[in-house]
Structure formats: C-alpha cells, structure tokens
Amino acid sequence: MSTPSATPGTSSPAAAAPAVVMLLVCRPRLRGHSRADWGTVVVFGIAMAGMNGLFYQAVDRIPLGPAVTLEVLGPLALSVFASRRAVNLVWAALALAGVFLLGGGGFDGLDPAGAAFALAAGAMWAAYIVFSARTGRRFPQADGLAMAMAVGALLFLPLGIVESGTKLIDPLTLALGAGVALLSSVLPYTLELLALRRLPAPTFAILMSLEPAIAAAAGFLILDQALSATQSAAIALVIAASMGAVRTQVGRRRPKALPESP
C-alpha cells in the first residue's frame, strides 16, 4: 500500500531527511518572495506533514484497508468540488467504488478516533494537492517544495526527538533515513509537483486513487499476494476512472480544427 507519497513515520529521523536532501539539491533562494509566496509554502508544508502524521495515527488504530479508503475520500471530494465538468463526477464515483471495494468495504466497529484521523488525513491530502499546484506556479523548479518540506520537518522534529532520542544521531540510522527519503519522498513529491504544473487539481486528485490499486497489484506481482475477484474488479474500476479522467483532460486541451477556407 502506498500512502500519499509515503513518508517515514514521525518517530524516525527520516521525517527530516527529505527536507535536508531537497535543500542541499535545490538550494532555494530565500529572499525576494512575497508574503503570499511564504504563506503558500507554509500551508503546503503543514498539509504535507499533516497528511502523513494523521495517516500513521489512523493505521495505528484501524486496519489499513478502511484507513486508505477513508483517506482517499479527500482527493475524490476535491475532484468533485473543484471540477466544472459533470463527467468528472462519473470518474470520481467509479474511483470511489473501486477504492471502497479494495479496502474491503467494512467499516463496522472501527475505532472512532482512527476513522477521524483517516478522514483528517484525507482533508490534508486534498490541501496538499491544491497547495502543491500553487507552490509550483509561484516558485521555480522545486524550490518551493524544498522550503515546504523544511516546514514539515520542523513540525515533526520535536516529536522525533521525544520518541527516538539519541537514535537520531546514529550514522546507520541517518544513512538509511536518507535513502528512504530519496525513494519515498524526494522523488514522488517532486514528480507530483511537476505533474500539477500540467494537470488540473481535479484530474490529479482522481489519479491519486490509483495508489491503493497499484499497491495491491504490486503485492500480487512482487510479494505473491493473491488477489480476489472483488479486488481485481476494484482495480479495474480505479484504472478505468483514471483513464477516463486523463482522456477528458486531453480532450479539453486538444485544439479545435480550423474550418477550411472555401
């Protein structure tokens, strides 16, 4: 299963490693930005940190399947509310049905706090999509992302110090954290930022519903985990929704043919 660009838990030094890597690579310019620019970066960093921290709180209390299903409601709701085209309602409904089936569809007896954390993580995920797009428009390359990740790291650093203590300065732990940061945060967040410069938020939000489907498929292909008929149907629904959303967007951008002159 893949969380929103799954970032290591808050108790690990890897929560700060992505920010360090991005700052070293991008070396963003800190001067010359407006108050609105800084506000966008700060909110983006808070959303990024919140969606991961809240999700880990959720899976500590409820099963992974229902947690992912509840969390994906955030991007799907964004795709519905932000889109101006009725057809996107169809794609969002298909994606929601697929994710619901993939999550097992069972919500009876869930811990209320865990369900609340999952829904809150979904809301933060929606905010992450919106402010990732805004950050990409306001800052060149990945400079805004690097600064936002630093904001998120500062939010989680006190928790990491309290939970891990001296483990934070262990060289092996730091090396592993840097490796995990590169693969699970730096690359995904950067690619998502680039994608949101070219895709509208509603389309991107529907594409995010592919994550649990991809995780289930990876478990089948790599970990030899069996897929039931229901899970296979769920993956098909999510893929159909994502393909439909992309085709709709491509159709909107395709220029109309000019009438031939007589």
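Guide: Let's start with a word we'll need: contact means heavy atoms within 4.5 Å. Keep in mind, too, that this is a predicted model.

Visitor: Okay. What is Asp143 in contact with, leaving aside its neighbours within four places in sequence?

Guide: Cys26, Pro28 and Arg29. Each of them has heavy atoms within 4.5 Å of Asp143, so each counts as a contact. Asp143 itself sits in helix α6, which covers residues 143–164.

Visitor: Why does Asp143 have no salt bridge?

Guide: A salt bridge needs a side-chain nitrogen of Lys or Arg within 4 Å of a carboxyl oxygen of Asp or Glu. For Asp143, the nearest side chain of opposite charge is Arg29, and that is 6.3 Å away. The distance is over the 4 Å cut-off, so the pair is not called a salt bridge. Asp143 is buried all the same.

Visitor: How many salt bridges does the structure hold, then?

Guide: One. Arg138 forms it with Asp37.

Visitor: What makes Arg138 and Asp37 a salt bridge?

Guide: Their closest N and O atoms are 2.6 Å apart. That is within 4 Å, so the pair meets the definition. The two partners come from distant parts of the chain: Arg138 is in helix α5 (residues 112–138) and Asp37 is in helix α2 (residues 35–59), 101 residues apart. In general, side chains of opposite charge can pair when their charged atoms come close.

Visitor: Why is Asp37 called buried, and why is Arg138 called partly exposed?

Guide: Buried means under 20% relative accessible area, and exposed means over 50%. Asp37 has 10% relative accessibility, so it counts as buried. Arg138 has a relative accessible area of 39%. That value falls in between the two cut-offs, so Arg138 is partly exposed.

Visitor: Let's go inside helix α5. Why are Ile129 and Ser132 called buried?

Guide: Ile129 is in helix α5, and so is Ser132. Ile129 has a relative accessible area of 0%, and Ser132 is at 0% relative accessibility. Buried means under 20%, so the label fits Ile129 and it fits Ser132.

Visitor: What do Ile129 and Ser132 touch?

Guide: Not counting residues up to four places away in sequence, Ser132 touches Phe44, Leu193 and Leu196. With its own neighbours left aside in that way, Ile129 is in contact with several residues, among them Pro75, Leu78, Phe204 and Met208. Leu196 is one of the contacts of Ile129 as well. Take Leu78: 51 residues along the chain separate it from Ile129, while their C-alpha atoms are 8.9 Å apart.

Visitor: Now the surface. Why is Val25 called exposed?

Guide: Val25 has a relative accessible area of 64%. Exposed means over 50%, so Val25 qualifies. Its place is in helix α1, residues 17–26.

Visitor: Which residues make the nonpolar surface patch?

Guide: Val20, Leu24 and Val25 make it, with an area of about 310 Å².

Visitor: And what is there to notice about the phi of Arg27?

Guide: Its phi is near 45 degrees, a positive value in a residue other than glycine. Arg27 lies in the loop between α1 and α2. Gln141 isn't a glycine either, and its phi is positive too, at about 50 degrees. Gln141 lies in the loop between α5 and α6.

Visitor: Why are Arg27 and Gln141 called exposed?

Guide: Arg27 has a relative accessible area of 71%, over the 50% cut-off, so it is exposed. Gln141 has 62%, which means it is exposed as well.

Visitor: What about the whole protein: how many helices and strands does it have?

Guide: Ten helices and zero strands. Of its 262 residues, 45% are buried. Among contacts between residues at least 6 apart in sequence, 87% join residues at least 24 apart.

Visitor: How do you know how confident the predictor is?

Guide: From pLDDT, the predictor's confidence in each residue, from 0 to 100. The mean for the protein is 75, and 72% of its residues reach 70 or more. Over residues 1–12 the pLDDT is below 50, yet beyond near neighbours in sequence that stretch has 49 contacts in the model. Residues 255–262 also stay under 50, and there the model has zero contacts beyond four places in sequence.

Note on methods:
Residues are numbered from 1 along each chain as its sequence is written. This is a predicted model: local features need pLDDT of at least 70, side-chain atom pairs count only at pLDDT 80 or more; totals for chains, interfaces and linings use all residues. Side-chain values use heavy atoms; hydrogens and water are left out. Patches are made of residues with over 30% relative accessible area and no salt bridge: like charges are joined within 9 Å, nonpolar side chains (Val, Leu, Ile, Met, Phe, Trp, Tyr) within 5 Å. Accessible areas come from the Shrake-Rupley method with a 1.4 Å probe; for residues, only the protein chains shown count as cover. Helices (H or I, at least four residues) and strands (E, at least two) are DSSP runs, numbered from the N terminus. Buried means under 20% relative accessible area, exposed over 50%, partly exposed in between (1.4 Å probe, protein chains only). Lys and Arg count as positive and Asp and Glu as negative; His and the chain ends are not counted.
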